[in-house]
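Thanks for sharing this one with me. Here are my notes, in the order I would go through them with the viewer open.

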Amino acid sequence: MDIKLDPSRDDLPLMANTSHMLVKHYVLDLDVDFGSRVIEGTIVLFFGDGNRFKKQSSATQETFQMESEEDCTFGTAEPCDVPEMDASTYSPQMGYSELAICGKGDQDAFNNDGNHDNQEHDSEISSSKYCCDTGNHGRKDFLLVLDCCDLSVLKVEEVDVAAVPGLERFTKAPELTATPEKLRREIVCDLVALPADGWREQLDCYTRCSQAPGCGELFFDIDSWSLQIRKTGAQTAADFPHAIRIWYKTKPEGQSVTWTSDQSGRPCVYTMGSPINNRALFPCQEPPIAMSTWQATVRAAASFVVLMSGENSAKPTPLQEGCMSWYYYVTMPMPASTFTIAVGYWTEMKPRTSPSGDLVTEHHLPLSKADSRYAETCSHVEYPCRFQNASAATQDIIPYRVFAPLCLEGACQEALLWLIPPCLSAAHSVLGTHPFSRLDILIVPANFPSLGMASPHIIFLSQSTLTGTSHLCGTRLCHEIAHAWFGLAIGARDWTEEWLSEGFATHLEDVFWAEAQQLPPHEALEQQELRACLHWHRLQDELRNSPEEMQVLRPNKEETGHVSASGASVVKYGLNPEKGFMQVHYLKGYFLLRFLARTLGRETYFSFLRKFVHLCHGQLILSQDFLQMLLESIPEDKRLGLSVENIVRDWLECSGIPKALREEREAADRVPTGLAGRVGSEVAKWIRVNRRPRKRKRGKQEVVFEKLSPDQIILLLEYLLEQKTLSHQTLQRLQQTYCLQEQDAEVRHRWCELVIKHKYTKAYEQVARFLQEDQAMGVYLYGELMVSEDARQQQLAHRCFELVKEHMDRASAQVVSEMLF
């Protein structure tokens, strides 16, 4: 039965039956065709046994265990072995582990508020026209279920890995009596289990096996959300082929792939991994537990540059005339949702001169502060790990490259290139070893619906970060760099707990940015207090304009992390297009972490955070894992009454504003000090100016306004937005005083709000420009233009939407369309 879901309301299904079989490695071989807007080719999947989580007694255990679906025995993850490697050809980095803590396998995954329970999910998954069994119960043929959407699957076949010569060097000698089917399965099992120091040979074997001939087509069925595959006579997961090849094509309308034009008007394509992750890019296993490595060969016309989440800085290989091939690989287990690709007329931007700003390019902090070695071995599954590499521990600036259309070279030189070294170094000084060995940064097209996105080895930045001063670019870069640790190296086992990624990144961006600027402690504290004021204003606005049920950071509550017997689950509200524009999980998560740091003491908190990174990198966690480890690291008499239970109750499982946060902010608002206090004085001046008659009385002294930083201007505009009326004369002077049209996108967004609220027609063209050039932030303004019920403003909204809708991000276009029509 094909599951029909309402994308404006329903949860996103994760259909893959990961409890039975788990993809360990993907090999992609793809062609990018801009004429047809299609990516096509093959993907070979190499499988291991499925996994189940077993609840652990303590979140501070350094070794996590997994339960095999086949034999229900428990084993301890092997400590990682760090080989000596040639850094010029390989630099190991971070990934996830499929091992985690505090989970359950067989309990019901969903509650009774409209979600499916286990029985419903299992019946839906197994109700294809083949009527196969999704488990290994032996009733009928086993059914492999992959997450898949908007793909044309042409053929599925088993791969004859036994036909590849030379594999006996790296795999166990098979029994002479083994059947061909068993021999192929054993080869794959041995291949995926090769030790970390054999990563080169393993990649080579994967390559050769992926090119082996097929040995029989497999039956398959496809519906809106899954690809279902079976082999006649394979009644259990153990009997099912462990290496399969899928021939497929993407569809132009697939939501995982964005075909558009860059800032020069040239064609390009990139993947967002949102809102349906990568299932419209390739058939895969989407649940977080499905950690895998990958390698990809991508062919495109010679004029294009192919960037991807890969450990190597790929160089193109010429093929036939006019065509180039690019090859990337990852040896660290990562979720399929983190795979990213971008193909376009990108140009590498290199600094012309040394940085001339106030930021320094290197921090050489003592190793004891920057990277204390908390453990001799790691607790994740075995792979080459930077956290056990002595040279990686002291590398404060990893190799990086910047790509953008050539027309943005000047903006990159002025706003971005000189920021990267101090921001990378600052992150290292706070958290220690960089989880990834290299970094590419790409300035993505105007239709990118966010200010940034982090994937393994690559960061996407919006063009909106390049305008104005360096402030917005620096803070956003720090935010995305923080995701290397929180969101990538350490991931949430349940994707509804987004705060574990976004809350941490929002909190750390301010810490990294202050460190990057080398601010003295008192100035850093003042800057962070100012940022807290801004986040407070934004959180209040978010909560006023969002449904209560979507304000909860842990919406699944005690069911968080649970899956059905097959491994299927859902992402709550995952198909709601408005979810992607909400900041509640960023902001409430930020304030929770700020509360913990202030309550326990910054030194205690950040010392623990470095320890936490070292203990938990490469693994999946739930909220209680972090909270329990934090509180257990502090003597009971110094916990100040904090407990996992009351933090979860007061911060994670309730809507609205937690009591402790409200009390703190009310106290801060009563007696504003520092940078925020100076803004209050300037606001008072503007209110007085606005109340005066248009003509100044003779002899009356002109008001002098102080110079403000971008964050101070934003806070000023926030306060002025609370004023019922501002005259056009005041708005004009405001614009001239701070040169608002030349400020960064955050400032200009608040300015546009003022323009719309007070119908300041002279600045309407600035609003129009913002809606076209800053699409990552402009969706809210469409709503403001329409709510005003002013004909001219509504015409402006319709005119701008007509200009950009063809290339606009699909979720953004859907939300805006609902506002306009």
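The points below go through strands, sheets and helices in turn.

1. Some ground rules come first. This is a predicted model, in which local features need pLDDT of at least 70, side-chain atom pairs count only at pLDDT 80 or more, and totals for chains, interfaces and linings use all residues. Residues are numbered from 1 along each chain as its sequence is written, and side-chain values use heavy atoms, with hydrogens and water left out.

2. Strand β3 (residues 38–49) is a good place to start: 10 of its 12 residues are buried. Buried means under 20% relative accessible area, exposed over 50%, and partly exposed in between, with a 1.4 Å probe and protein chains only. Helices (H or I, at least four residues) and strands (E, at least two) are DSSP runs, numbered from the N terminus.

3. β3 has pairing partners that are easy to trace. It runs antiparallel to β2 (residues 21–33), joined by 12 bridges, and histidine 25 has phenylalanine 46 of β3 as its bridge partner. β3 also pairs with β12 (residues 243–250) in the antiparallel sense, over 7 bridges; here threonine 42 is matched with tryptophan 247 of β12. Two strands count as paired if DSSP finds at least two bridges between them.

4. Do look at the turn between β2 and β3. The hairpin has 4 residues between the strands, and arginine 37 takes a positive phi near 55° there.

5. Isoleucine 222 sits in strand β10 (residues 219–222) and is partly exposed, with a relative accessible area of 32%. Leaving aside neighbours within four places in sequence, isoleucine 222 is in contact (heavy atoms within 4.5 Å) with Cys148, Leu151, Val153 and Leu227. Valine 145 is 77 residues away from isoleucine 222 in sequence, yet their C-alpha atoms are 9.6 Å apart.

6. Next comes an open sheet of 5 strands, ordered β20-β21-β22-β24-β23, with mixed pairing. Its edge strands, β20 (347–349) and β23 (452–455), each pair on one side only. Neighbouring strands are turned by 25° against each other on average, direction ignored. Axes are lines fitted to C-alpha atoms, for helices over the stretch in contact, and angles run from 0 to 180 degrees between N-to-C directions.

7. At one edge of that sheet, β23 pairs with β24 (residues 458–461) in the antiparallel sense over 4 bridges; alanine 454 has isoleucine 459 of β24 as its bridge partner. Helix α7 (residues 420–431) packs on the sheet, touching β21 (400–404) and β22 (439–443), and its direction makes about 135° with that of β21. Helix α8 (residues 471–482) lies across β22, β23 and β24, at about 145° to β24.

8. Helices α11 (residues 584–600) and α13 (residues 623–632) pack at about 5°, with axes 13 Å apart. That makes α11 roughly parallel to α13, a label for angles under 35 degrees. Leu593, Leu596 and Leu600 in α11 meet Phe626, Leu627 and Leu630 in α13.

9. Which residues of helix α18 (residues 728–738) are buried? They are Thr730, Leu731, Leu734, Gln735 and Tyr738. Seen down the axis of α18, these fall within an arc of 135°, so they line one face of the helix; the arc is that of the directions from the helix axis to the C-beta atoms. Their cover includes α16 (674–691), α17 (710–721), α19 (745–757) and α20 (764–773). Just after α18, cysteine 739 takes a positive phi of about 45°.

Key: Angles under 35 degrees count as roughly parallel, over 145 as roughly antiparallel, 65 to 115 as roughly perpendicular and the rest as oblique.
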